[in-house]
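Welcome, and please take a moment to look over the model below. We will walk through it a few residues at a time.

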Amino acid sequence: MSTTLERPALDTSRKVAPARDRRTLIRGQARAGWILLSPALLHSAVFIVIPVVAVLVLSLTDYSFGDSWAWVGFTNYTDLFRDVDFQASLFNTVLYAIVVIPVSMAVALAVAVGLNQKIRALGFFRTAFYIPTVTATVAIATIWLWIYNPGSGLANGFLSLFGFAPTQWLSDPATALPSLMVIGVWQGLGTKIIIYLAALQGVSRDLLESADLDGANRWQKFANVTWPALGPVQFFVLITSIVGTFQVFDLVYVMTQGGPGTETRVLVLDIYQNAFTDLKLGYASAETVIMMVVIAIFIGLGRLLQKADAND
């Protein structure tokens, strides 16, 4: 009598079920992620994407807050590059950015390194450097108008102690834009210092101690340990600084109105006057597009510099 042993059937449902459950879990996580992102995406669509598209479209028209408008193509752009005021505002803004961005970043990093040490009244100094950031620019401009006052201002009063003649800080074409640059550097220090401080406190203590054991001095530790660790933070500060300096407006509007002449005329002030004083919204939109392109070029150059620094 022969007997045959029956093999138990393979239960494939146990293998299929975990895979199906995993796919269900992934889909659920994806849905939850999109739901959580939806407020930010809605905000970006309403306040970034739609305005950018509108600006691009309006820049190709002669729209001026009226009922009728015409499609003019690239006429606004060609007219802009023949516009003396636009040329002056573009030059002044680029010059302002080229000076203010590296100087403010260097000063902020130096101050952050100093505040990262164990010194007395550390909390006071951190607060003092951050106060200008949270102070209204109009209030700051009012204070600096008194400082730069040619008759009774603090700047001329201080320089007179060393025998210097009074200077017309905001009325002299040679000193008007540099005077605003000084304020721009001073006002932007607070945020950069806080960011650099957070980054400095995140530098690996083990690497710093190893450098000490190898006999490295302070400069060698900063150049070989601290500086490479600050790479991503440096790029973030650079990007925010580029955007901030190209958007300078209220400081110039309150202090100089773009004068004397066009010596302190900047892009946002020129856009404001074209759009809301001259009611040339299409023309101002074309100027805005050019400003966005220039900002993108600066950001691209910053990215190249960061890559080059990372490869060294």
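Let us begin with a pair of residues out of the solvent's reach: R265 and D270 are both buried. Their side chains meet in a salt bridge, with 2.6 Å from N to O. Side chains of opposite charge can pair when their charged atoms come close. Please keep in mind that what you are looking at is a predicted model.

How many salt bridges does the structure hold? There are three of them, and the other two are worth a visit as well. R82 pairs with D79, and here the closest N and O atoms are 2.7 Å apart. R82 is exposed, because its relative accessible area is 61%. Its partner D79 has a relative accessible area of 28%, so D79 counts as partly exposed. K221 forms a salt bridge with D212, where the closest N and O atoms lie 2.9 Å apart. Is K221 buried or exposed? With a relative accessible area of 19%, K221 is buried; the cut-off for that word is under 20%. D212, at 43%, is partly exposed.

Now step back to R265 and look at the residue just before it in the numbering, T264. You will find T264 in the loop between α12, which covers residues 250-255, and α13, which covers 267-277. The relative accessible area of T264 is 0%, so this threonine is buried. Which residues does T264 touch, once those up to four places away in sequence are not counted? The list is N92, A176, L177, L180, V252, T256, G258 and G259.

One of those contacts, G259, leads us to another feature of the loop. A cis peptide bond joins G259 and P260, with omega at about -5°. P260 is found in the loop between α12 and α13, and the place of Q257 is also in the loop between α12 and α13. Q257 has a phi near 60°, which is a positive value in a residue other than glycine. Q257 is partly exposed, since its relative accessible area is 42%.

If you follow the chain onward, you come to the loop between α13 and α14, where L279 lies. L279 is not a glycine, yet its phi is positive, at about 60°. Its relative accessible area of 41% is why L279 counts as partly exposed.

Beyond that loop comes helix α14, made of residues 281-311, and T288 lies in this helix. T288 is buried, because its relative accessible area is 19%. Which residues is T288 in contact with, leaving aside its neighbours within four places in sequence? They are V55 and I271.

V55 gives us a reason to turn to helix α1, which runs over residues 13-58. R27 has its place in that helix. At 45% relative accessibility, R27 is partly exposed. R27 also belongs to a patch of positive charge on the surface, where it gathers with R20, R22, R23 and R31.

For our last stop, let us visit V111 and F129. V111 lies in helix α3, residues 84-115, while F129 lies in helix α4, residues 122-134. V111 is buried, as its relative accessible area of 17% tells us, whereas F129, at 27% relative accessibility, counts as partly exposed. Leaving aside neighbours within four places in sequence, V111 is in contact with F129 and I193. Counted in the same way, F129 is in contact with V111, L115, G190 and I193, so I193 appears in the contacts of both V111 and F129.

Two distances help to place this pair in the fold. V111 and L189 are 78 residues apart along the chain, and their C-alpha atoms are separated by 8.9 Å. F129 and I290 are 161 residues apart along the chain, and in their case the C-alpha atoms are separated by 34 Å.

Terms used. Residues numbered from 1 in each chain as written. Predicted model: local features only at pLDDT ≥ 70, side-chain atom pairs only at ≥ 80, totals over all residues. Heavy atoms only, no water. Patch = residues over 30% accessible without salt bridge, like charges linked within 9 Å, V, L, I, M, F, W, Y side chains within 5 Å. Areas by Shrake-Rupley, 256 points an atom, 1.4 Å probe, with all protein chains shown as cover. Salt bridge = Lys/Arg side-chain N within 4 Å of Asp/Glu carboxyl O. Lys, Arg positive; Asp, Glu negative; His and termini not counted. Charge placed at Lys NZ, Arg CZ, Asp CG, Glu CD. Helix = DSSP H or I, 4+ residues; strand = E, 2+ residues; numbered from the N terminus. Buried < 20%, exposed > 50% of the residue type's maximum accessible area, 1.4 Å probe, protein only. Contact = heavy atoms within 4.5 Å.
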